[in-house]
Amino acid sequence: MFNYGFMELLTHGGFTLVILIFCSILSLKVIIEKWITLKALDPKNLEELSLKLKEAINEKNFKMALHVCKVGNVKRMGFTVPAPLAAVFLYMLNNAAYKKEELMDLSFSKMDQELVKLEKGVGILGTLGNISPFIGRFG
C-alpha cells in the first residue's frame, strides 16, 4: 500500500518537504556546532588556561600572560574554538590601568559579550523547532 520510493515521496511532498529538509539541515548544523563548542570548553581545558595565566602573572611576565590569552584557543575534533575565558582575561590585562571596581564592571560586561557569542544560533534552533511542525501540518 505504501511502497513509495524516495523520489516519489519528494514529488508528493512538493515544496513543503523541501522546506522541511532545509530546516532539518540547518538544525543539524547548529546542533553540531554547539556540541563541538561546548565539548571543547570543558572545565579541564579552561583550568589549564587559568593555571598558565596565573603562573605568568605570578612571575610578573605580562608579555607571556598576553600571549597565553591571545593563543587561548581550544582544539577539538579538528576545529579551533576560541575560549571565552581567554578573551575576558585579555580584556582585563589590556585595561589593567583602571581601578579595581571599574575593571570588575568592565570584565563583567565582557563576560556578557562572550556569553552572547556562545548563545549564537540557539534562537534559530528554537524557532525552527517551533515552526517545523506547523509547516509539515499545514504545508
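The following paragraphs lead through a predicted model, starting with its confidence and then turning to one helix and one residue. Local features are described where pLDDT is at least 70 and side-chain atom pairs count only at pLDDT 80 or more, while totals for chains, interfaces and linings use all residues. Residues are numbered from 1 along each chain as its sequence is written, and side-chain values use heavy atoms, with hydrogens and water left out.

The predictor's confidence in each residue, called pLDDT and running from 0 to 100, has a mean of 83 over the protein, and 95% of the residues reach 70 or more. Among the elements, which are DSSP runs numbered from the N terminus (helices: H or I, at least four residues; strands: E, at least two), strand S1 (residues 73-76) has the lowest mean pLDDT, 75, and H5 the highest, 91.

Helix H5 has 19 residues (100-118), which should span 27 Å at 1.5 Å a residue, and this agrees with its end C-alpha atoms being 27 Å apart; the expected span is 1.5 Å times one less than the number of residues. Within H5, Leu-103, Ser-107, Lys-110 and Glu-114 are buried, meaning under 20% relative accessible area, with exposed meaning over 50% and partly exposed in between (1.4 Å probe, protein chains only). The buried residues of H5 pack against helix H4 (84-94), whereas Glu-101, Asp-105 and Val-116, on the other side of H5, are exposed.

In helix H3 (residues 62-70) lies Ala-65, which counts as buried because its relative accessibility is 0%. Leaving aside residues up to four places away in sequence, Ala-65 touches Leu-53, Ala-56, Ile-57 and Leu-93, where contact means heavy atoms within 4.5 Å.
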